[in-house]
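Please open the model in your viewer and keep the sequence panel beside it. The tour below goes from one selection to the next and says what to look for at each stop.

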Amino acid sequence: MSNIDRRKLVKGSLAVMMAGATFSRGGLADTSEPILLGVSGPLTGPNAQYGTQWKQGFDLALDEIMAAGGINGRKLVYQFEDSQSDPRQSVAIAQKFVSDSRIVMELGDFSSPASMAASPIYQRGGLVQFGFTNSHPDFTKGGDFMWSTSVSQADEQPLLAAYAVKRLGLKKLAVLHLNTDWGRTSRDYFTNAAKEYGAEIVVTEGYIAEERDFRSTLVRVRDANPDGLILISYYSDGALIARQARQVGLKQVICAASSVYSPKFIELGGEAVEDVHVGTRYFPEDTRPEVQKFIAGFKKKYNGQEPDAFNAYSYDAMNMAAAVVKIGGTDRRAIRDAFTKVKDVSSVIFGSATFDVASRRVKGAMNAELVVRKGQFALWDGKPT
């Protein structure tokens with residue numbers, strides 16, 4: 001055989017190998033290699049606890065997915081990169097994920113600013129950025145590779161306003177909010193809705209995530225003489241604000257966004273969060289089978305620990321990711337298209353989840369109006385606090 005013939009044979013063999021690799025990339029049945037998802041979220045920094053909660057929900061869902069046969073027999077796994085929920089870190093992680101051909105989809109980030117900073121990279125790279133806690137209404141407007149099961153603040157904050165104004169009868173409101181893009185956007189949607197319902201906003205105060213002393217802010221709130229205090233917070237800062245509010249003599253009704261909903265809010269707030277009202281998308285007393293299955297599985301896996309909303313969000317997200325990959329395979333563009341085809345996925349938050357293709361979000365999350373009574377969250381019975 002001549003050297004020319006040998007070179008032709010090598011080129012022909014390589015072409016066959018490349019064709020096989022391309023086929024394997026688009027299908028699920030040609031390899032036993034695990035299917036890899038990338039996760040960008042906080043494992044250190046002020047929001048580290050949410051990354052830990054994410055992992056609990058992911059791992060429970062993956063146990064159930066594998067028990068049911070995996071993704072056509074293949075294992076689904078994730079690679080978690082610590083963003084600290086910092087936009088600078090999330091951008092670097094996006095570049096890493098987009099350049100890694102093994103990663104077929106990204107989940108995260110925790111906050112809307114960290115997510116949206118990275119969106120252009122995922123869009124240009126053709127890798128789905130699947131959000132499930134980033135609730136800014138503009139997140140999914142970043143491109144057709146952005147999808148989310150997070151309830152948009154445009155939908156959620158009017159529900160909180162209705163609870164505070166129409167149900168609790170509050171008319172003069174003080175609003176404390178995280179001074180982030182998420183917090184300011186949530187504040188705007190809340191205040192606009194509250195005004196439409198007839199309430200007056202007597203004061204708004206923003207604070208940074210690292211803030212720990214709210215007393216001077218709360219004195220200004222007290223001087224504005226509201227009849228209700230609205231917290232657009234996470235559970236750690238929300239509990240601290242409630243404690244300090246009571247310390248400076250604020251006895252008014254407190255009504256908080258769903259982002260505080262967690263057993264840790266009660267653990268950290270103690271007696272100060274008694275009678276605090278919370279609107280939430282998840283409540284463990286919900287009798288739907290999807291909710292009770294999740295709770296039973298979570299308690300069994302984590303030694304009786306009670307799950308909270310962020311565990312439920314990540315559990316739902318991993319189940320949705322699995323359903324999408326079953327349809328789309330491992331080709332990144334096919335996965336994007338599969339989000340338009342997936343239907344009626346069992347969900348703790350939605351019951352049955354199907355994407356609205358125009359908004360690239362899921363509609364119809366449950367809404368529960370809760371109050372802290374005797375150290376526990378309970379459905380509000382309509383009685384004044």
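Select Ala272 to begin: in this predicted model, Ala272 is buried, because its relative accessible area is 11%, and buried is the word for anything under 20%. Ala272 sits in the loop that runs between helix 9 and strand 10. Which residues is Ala272 in contact with, once its neighbours within four places in sequence are left aside? Display Ala242, Arg243 and Arg246, and you will have those contacts of Ala272 on the screen. Then add Ile241, which is 31 residues away from Ala272 along the chain, and draw a line between the two C-alpha atoms, whose separation is 9.2 Å.

Stay in that loop and move the selection to Asp275, which also lies between helix 9, residues 263-269, and strand 10, residues 277-280. Asp275 is partly exposed, with a relative accessible area of 28%. Look at the backbone here as well as the side chain, since the phi of Asp275 is positive, at about 75 degrees, although Asp275 is not a glycine. As background for this stop and the next ones, most residues other than glycine have a negative phi, and most peptide bonds are trans.

Go next to Ser85, in the loop between strand 2, residues 76-82, and helix 3, residues 87-99. Ser85, too, is a residue other than glycine with a positive phi, in this case near 55 degrees. Is Ser85 buried or exposed? Ser85 counts as buried, because its relative accessibility is 11% and the limit for that word is under 20%.

For the following stop, select Gly108 and Asp109 together and show the backbone atoms between them, where the peptide bond is cis and omega is about 0 degrees. Asp109 belongs to the loop between strand 3, residues 103-108, and helix 4, residues 112-125.

Finish at Thr191, which takes its place in helix 6, residues 181-196. Thr191 is buried, with a relative accessible area of 9%. Show its side chain together with the backbone of Asp188, and you can trace the 3.2 Å between a polar atom of the Thr191 side chain and the backbone oxygen of Asp188. Which residues does Thr191 contact beyond its neighbours within four places in sequence? Add Val175 and Ile201 to the display, for these are the residues with which Thr191 is in contact when those neighbours are left aside.

Terms used. Residues are numbered from 1 along each chain as its sequence is written. This is a predicted model: local features need pLDDT of at least 70, side-chain atom pairs count only at pLDDT 80 or more; totals for chains, interfaces and linings use all residues. Side-chain values use heavy atoms; hydrogens and water are left out. Helices (H or I, at least four residues) and strands (E, at least two) are DSSP runs, numbered from the N terminus. Buried means under 20% relative accessible area, exposed over 50%, partly exposed in between (1.4 Å probe, protein chains only). A polar contact is a pair of N or O atoms within 3.5 Å; within protein, one must be able to donate a hydrogen and the other to accept it, and residues adjacent in sequence count only if both atoms are side-chain atoms. Contact means heavy atoms within 4.5 Å.
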